[in-house]
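I opened a fresh page for this one and took my notes as I went. Come along and look over my shoulder.

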Amino acid sequence: MIRLRDIAKVYPMGNRELEVLRGVNLHVKQGEMVAIMGPSGSGKTTMLNLIGCLDVPTSGSYYLENREVSCLSRGELAQVRANKIGFIFQSYNLLPQLSALANVELGMKYAGGIDSEKAMTALARVGLSGRANHKPSELSGGEQQRVSIARALVKNPPLILADEPTGNLDSHTSEEIMAMLTTLHNEQNNTLVMITHEADIAHYCQHIIHFKDGQIEWEEAV
Amino acid sequence: MKKWLEPLANAWQGARTHKLRSSLTILGIVIGVAAVIALMSIGRGVQAGILSNIESLGSNLITITPAMSYERGGVMGASSVATLTLEDAAAISEQVSRVIAVAPYSSSNQQLVYGSENVNAQIIGVTPEYQAAYNLETAEGAFISEYNYDSGAKVTVIGASVAEELFSGVDPVGQKVRMGTSIITVMGVLESKGSSMMGSTDDAVLIPLSTLQQTFSQQRTSTGEHIVSTIAITVSEQGQADYVVGEVTDLLRSRHRLASGEDDDFSIRSMEELVSTITEISGTLTLFLGAIAAISLLVGGIGVMNIMLVSVVERTREIGIRKALGARERDIWSQFLTESALLSFTGGLIGVAVGWGASKIISGVGIMGSEMTTVVSADIVILALAVSVGIGLLFGFLPARRAAQLNPIEALRYE
Ligand SMILES: Nc1ncnc2c1ncn2[C@@H]1O[C@H](COP(=O)(O)OP(=O)(O)O)[C@@H](O)[C@H]1O
Ligand SMILES: [Mg+2]
């Protein structure tokens, strides 16, 4: 599903260069649920952004579903994001002016078009059918994250990426969200890559990657 | 929702999120478009007014006057030499076709006295054809007849204003007035036509040309022909003026024995020519007024750009989210362009309504006391709307490009 070869990412910092990723090699199989752990600033988000085609590596190659995407144009990357990838962010990133339903619909807008019935179904699956017309500001953090999960899943993409999805939530809500993600992942059989700080959250996953200083320190399969 | 409506609905949603800001943006366009509509309606109104004035005088009219001759030898100025005669007029009516009426006339300034009232008037000596040439109708009495003319009758037909001034309260027809040293009977009063830039027939005092020549001036040329100051001709149909002007010019040149190199000793002007000149001038004036108003539209457009730039910065995170969800650059482009075009189109619509209202008020109230007709025509409205959408697209271009080119990661991190 995902294959990274010698991926490096360098940010220019004034006259010096900041090496954020240095030679990352990774293989994620289709249908896996992967957790990435590691200290803050170790380059986890940078790597997830590369996997999510939001950014391109400075060197190295990246194959997604056996297709090299590290050499695609910006327009082609946008197409890959639209059709293959669903994002879940730590800070939810819902559009404040739109209702929960419209936010979910936005997940389909650039991937073939809006289907309101499907969006309602997705909201129902995260248990929010009663909140379809609520604005994000009228929802709790956990509910907002559920809307954003519905938004990521509504187009049924092969790959779901989540950057600290429970980072802003209390432990009880975190467990609810993780249970929901696990259930949905098992139902839809897509690949899920998730960054997290908490070991008990990571243990929902079969494949845990430990990151340090822009490199994979060690991997474990549960 | 229909597919093509969706971007419009989204743009509307975007504009509604910031009601005050959107309204202020729209206001700039409203003022610009309203100014264009109002000013151009004034221009069109002035043009229509002048043309209808000419129409009432008869747009088939051709007038011939003696040419201005510029005296050499120091004295600045021009004077006209009397070169036109009754006999010229007779020759025209006999020899030139496509002519309905040929009306030679002369004038003389005289004092008119009735009881204690007296006015200084320009007395015009006319033939019966004068009525047809200038589209005149009598409100009371009759116009000067063939018989009056042949007999040199001491009768007059006066304009409505003259009748008012001299005979307030008295029926003018049948009254006798003193004109210079003669006593003359009023035989008719002309229907009022209002004033025009060509002078008003309401101020006219008409007597038979024969009477004028016998009573006040008996000018003749060296060959014994009777001098007149002007010859008016009515052409049978619109569009024949050029033909008649050519024929008359040839005829008069041969009658006045002008050699082929010599300038005409008369000047000949057709209303048709005048109408086209006036149409051209007032069209230019209208465009000029529109161009001045368009400057305010331009300022409105810059306002749109300003607001859209602010809006792009403010919605950086939204743009990042949309890009993460797979929006291509052109999706972001069209989102912002649709929004700015919608804003300025809405402004354009309101502006048309305001401008139309303003032009109605102007035509009702007038400007600085003088009457003013205004004409709002469909072409101006369509143009103004098209221009306002164009302005939205033009000035939305830069902000939309900025939005489309945002780096998704940086946009997502933007607070
Ligand atoms: N656009 C950027 N320009 C410069 N430095 C960056 C940029 N993005 C990330 N970094 C730096 O790269 C390092 C890794 O960041 P990140 O991948 O967000 O770490 P993590 O998610 O593991 O906490 C940090 O030191 C950060 O400051
Ligand atoms: Mg991070």
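**Entry one: an arginine in chain B**

I began with B:R253, which is buried, its relative accessible area being 17%. I keep in mind that I am reading a predicted model. What does B:R253 form a salt bridge with? I found B:D264 there, and the closest N and O atoms of the two are 2.4 Å apart. B:R253 sits in helix α8 of chain B and B:D264 in the loop between α8 (241–255) and β12 (266–270), so their pairing ties together parts that are 11 residues apart in sequence. I also checked how open B:D264 is: with a relative accessible area of 29%, this residue is partly exposed.

**Entry two: more salt bridges**

Next I looked up the total, and over all chains the count comes to 14 salt bridges. One of them joins the side chains of B:R328 and B:D331, at 3.2 Å from N to O. Is B:D331 buried or exposed? I noted a relative accessible area of 17%, and because buried means under 20%, B:D331 counts as buried. Its partner B:R328 is partly exposed, at 23% relative accessibility. I also wrote down a network of salt bridges that links B:R315, B:E318, B:R322 and B:E339.

**Entry three: where the chains meet**

Then I turned to the contact between chain B and chain A. I read off 24 residues from chain A and 20 residues from chain B. How much area is buried between chain B and chain A? My note says about 1,900 Å², with carbon and sulfur atoms giving 57% of that.

I went looking for salt bridges across this interface and the rule finds one. Here the side chains of A:R74 and B:E329 meet, 2.8 Å from N to O. A:R74 belongs to helix α2 (residues 74–84) of chain A and B:E329 to helix α11 of chain B, so this pair joins two chains. A:R74 is exposed, with a relative accessible area of 61%, whereas B:E329 is partly exposed at 23%.

For polar contacts between chain B and chain A, I found a count of six residue pairs. On the side of chain B that touches chain A, α1 (5–17), α10 (316–324), α11 (329–365) and α13 (408–413) each supply at least two residues. Which of the helices gives the largest share of that side? I marked α10(B), which brings six residues.

**Entry four: rings**

After that I looked for aromatic rings, and six aromatic pairs turned up over all chains. In one of these, the ring centres of A:F87 and A:F89 lie 5.7 Å apart and the planes are at 10 degrees, so I call the pair stacked. Both A:F87 and A:F89 are buried.

In chain B I noted B:Y130 and B:Y134, a tilted aromatic pair with 4.8 Å centre to centre and 40 degrees between the planes. These two tyrosines, B:Y130 and B:Y134, are buried as well. Together with B:Y105 they form one aromatic cluster. I also spotted B:R98 over the face of B:Y243, at 4.0 Å from the ring centre.

**Entry five: a threonine in chain A**

My last stop was A:T46, in helix α1 (residues 44–51) of chain A. This threonine, A:T46, has 13% relative accessibility and so counts as buried. What is A:T46 in contact with, leaving aside its neighbours within four places in sequence? I listed A:K9, A:Y11, A:V20 and A:L21.

Notes: Residues are numbered from 1 along each chain as its sequence is written. Chains are lettered from A and ligands numbered from 1 in the order in which they are written. This is a predicted model: local features need pLDDT of at least 70, side-chain atom pairs count only at pLDDT 80 or more; totals for chains, interfaces and linings use all residues. Side-chain values use heavy atoms; hydrogens and water are left out. Helices (H or I, at least four residues) and strands (E, at least two) are DSSP runs, numbered from the N terminus. Buried means under 20% relative accessible area, exposed over 50%, partly exposed in between (1.4 Å probe, protein chains only). Contact means heavy atoms within 4.5 Å. Rings of Phe, Tyr and Trp (its six-membered ring) pair if their centres lie within 6.5 Å; planes under 30 degrees apart count as stacked, over 60 as edge-to-face and the rest as tilted. A charge sits over a ring if NZ of Lys or CZ of Arg is within 6 Å of the ring centre and within 35 degrees of the ring normal. Buried area is the accessible area (1.4 Å probe) that two parts lose on being put together, summed over both. A salt bridge is a side-chain nitrogen of Lys or Arg within 4 Å of a carboxyl oxygen of Asp or Glu. A polar contact is a pair of N or O atoms within 3.5 Å; within protein, one must be able to donate a hydrogen and the other to accept it, and residues adjacent in sequence count only if both atoms are side-chain atoms.
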